[in-house]
Amino acid sequence: MNSVYERDLDLNLLRVFMVVAEARSVTEAASRLYITQPAVSAALRRLTVAVGAPLFARSGRGLALTARGERLLQVAQPHLSALVEAVSAPAVFDLKTSDRIVRLGLSDASEEWLLPPLIRALEVHAPRMRLIVVPIQFRTVAQALASNRIDLAITVADELGSDVQRQQLFSGGFVCVYDSRRVKLGKKVTLEKYLAHDHVLVSYNGDLRGIVEDTLGIQRRVRVSVPSFVSVGAALDGTALLATLPHIVARHVMDKHAGLRAAQLPFDLQGTYVELLWRNARSDDEALCFVREHIIRISRTAAGNGPFRRR
């Protein structure tokens with residue numbers, strides 16, 4: 001059976017029918033609808049053909065509903081009224097009672113600084129709202145947004161479609177992180193010292209190349225390649241490895257591993273902007289507006305506390 005939405009029926013005809021049924025006059029209905037009398041008569045003829053039976057009969061100087069017209073009015077009136085009300089009524093959104101699920105795409109570099117304060121904000125302002133965190137990175141974020149797998153994303157991103165909104169959060173450079181109990185770099189890390197050590201890097205491709213190789217063309221002695229920044233602290237702790245990490249990641253890694261220290265790199269390596277991303281079509285979604293506002297506030301606080309630049 002074909003869907004009712006596929007039938008060739010202009011629902012505006014029902015609106016004309018109901019106004020005529022109430023006014024009992026084509027002239028009065030035309031006045032109320034702000035259209036001409038011929039337009040009203042033409043609409044009624046089209047609806048009569050679609051229904052397959054007369055809907056009105058002459059009654060004195062006005063019109064009276066036929067039995068078929070009465071049945072149509074009884075069935076259509078509550079539904080059309082509900083549709084008009086649904087269109088005209090403002091959307092109701094209550095933070096305190098909303099159990100909305102928000103799907104947030106996060107790169108692993110953003111989980112530490114964002115998730116704890118965001119969860120605390122939800123507990124206070126939207127205690128029933130639920131959060132699903134989906135792992136993404138710059139190569140997968142465009143598809144995740146386009147397929148509606150996520151509502152919002154926080155990551156660095158290349159070119160995206162015109163249907164995606166972008167809010168720059170912050171930008172920062174990189175530092176060298178190491179275990180001071182195993183590595184002695186001195187007051188200044190020279191390029192010679194940097195290259196003399198083995199390194200651990202994060203590679204989303206599962207290879208031995210990282211941002212230093214790809215951006216600067218400098219080849220390190222890579223001993224360990226891990227798929228996530230979450231693993232770097234444990235890889236450095238108690239070893240003689242070095243890691244080149246974004247400032248914000250380095251701060252959280254050192255918070256968890258007391259023996260780790262950070263040093264300035266012997267070259268200039270600036271990161272790109274971390275951005276908040278969402279589709280244009282969801283810009284007026286009140287739940288997502290609330291989450292976006294808190295993400296921006298949290299990122300500003302993080303930028304103010306860390307050794308990276310804020311826009």
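In which sense do strand β7 and strand β10 pair, and over how many bridges? Keep that in mind as we walk through this predicted model; the pair comes up at the third stop.

**Stop 1: the whole chain**

Start with everything shown as a cartoon. You should find 11 helices and 12 strands in the protein chain. The radius of gyration is 32 Å, well over the 19 Å that the globule rule gives for 311 residues, so the chain is more spread out than a compact globule. Turn the model along its principal axes, and the C-alpha atoms fill a box of roughly 105 × 40 × 35 Å.

Now switch on a surface. About 17800 Å² of the protein chain is accessible, and carbon and sulfur atoms account for 52% of that area. Of the 311 residues, 44% are buried. If you display contacts between residues at least 6 apart in sequence, 71% of them join residues at least 24 apart.

Next, colour by pLDDT. The mean for the protein chain is 89, and 93% of its residues reach 70 or more. Select residues 1–6: here the pLDDT is below 50, and the stretch has zero contacts in the model beyond near neighbours in sequence. Then select residues 307–311, where the pLDDT is also below 50. This stretch does have 19 contacts in the model beyond near neighbours in sequence.

**Stop 2: the sheet with β3 and β5**

Select β4, β3, β5, β12 and β6, which is the order in which these five strands form an open sheet with mixed pairing. The edges are β4 (130–135) and β6 (164–170), and each of them pairs on one side only. Look along the sheet to see the twist: neighbouring strands are turned by 20° against each other on average, direction ignored.

Zoom in on β3 (residues 101–106) and β5 (residues 152–155), which pair in the parallel sense over three bridges. For a landmark, label glycine 105 and find alanine 153 of β5 standing opposite. Then add helix α5 (residues 111–125), which packs on the sheet and touches β3, β4, β5 and β6. The direction of α5 makes about 165° with that of β3.

**Stop 3: the sheet with β7 and β10**

Move to the other five strands, an open sheet in the order β9-β8-β10-β7-β11 with mixed pairing. At its edges stand β9 (221–226) and β11 (260–263); each has a single partner strand, so one side of each is left without a neighbour in the sheet. From one strand to the next, the twist averages 35°.

Here is the pair from the opening. Strand β7 (residues 174–179) and strand β10 (residues 242–246) run in the antiparallel sense, joined over five bridges. Label valine 177 and look for its bridge partner in β10, alanine 243. Helix α10 (residues 247–256) lies across β7, β10 and β11, and runs at about 120° to β10.

**Stop 4: two residues beside these strands**

Is histidine 197 buried or exposed? Select it in the loop between α7 (191–196) and β8 (198–202). Histidine 197 has a relative accessible area of 19%, and the cut-off for buried is under 20%, so this residue counts as buried. Leaving aside neighbours within four places in sequence, histidine 197 is in contact with Val183, Leu185, Arg221, Ala240 and Leu242.

Then pick isoleucine 211, in helix α8 (residues 211–216). Isoleucine 211 is partly exposed, with a relative accessible area of 32%. Beyond neighbours within four places in sequence, its contacts are Phe174, Leu216, Arg220 and Leu269. Draw a distance to leucine 245 as well: isoleucine 211 and leucine 245 are 34 residues apart in sequence, with their C-alpha atoms 9.5 Å apart in space.

**Stop 5: two positive phi values**

Most residues other than glycine have a negative phi. Which sign does phi take at arginine 24? Select this residue in the loop between α1 (12–23) and α2 (26–33). Phi of arginine 24 is positive, near 60°, and the residue is partly exposed, with a relative accessible area of 35%.

Finish at asparagine 148, in the loop between α6 (141–146) and β5. Its phi is positive too, near 65°. Asparagine 148 is partly exposed, with a relative accessible area of 45%.

Conventions: Residues numbered from 1 in each chain as written. Predicted model: local features only at pLDDT ≥ 70, side-chain atom pairs only at ≥ 80, totals over all residues. Heavy atoms only, no water. Pairing = 2+ DSSP bridges. Helix = DSSP H or I, 4+ residues; strand = E, 2+ residues; numbered from the N terminus. Axes fitted to C-alpha atoms, helices over the stretch in contact; angles between N-to-C directions. Contact = heavy atoms within 4.5 Å. Rg over C-alpha atoms; globule rule 2.2 N^0.38 Å. Buried < 20%, exposed > 50% of the residue type's maximum accessible area, 1.4 Å probe, protein only. Areas by Shrake-Rupley, 256 points an atom, 1.4 Å probe, with all protein chains shown as cover. pLDDT = per-residue confidence, 0-100.
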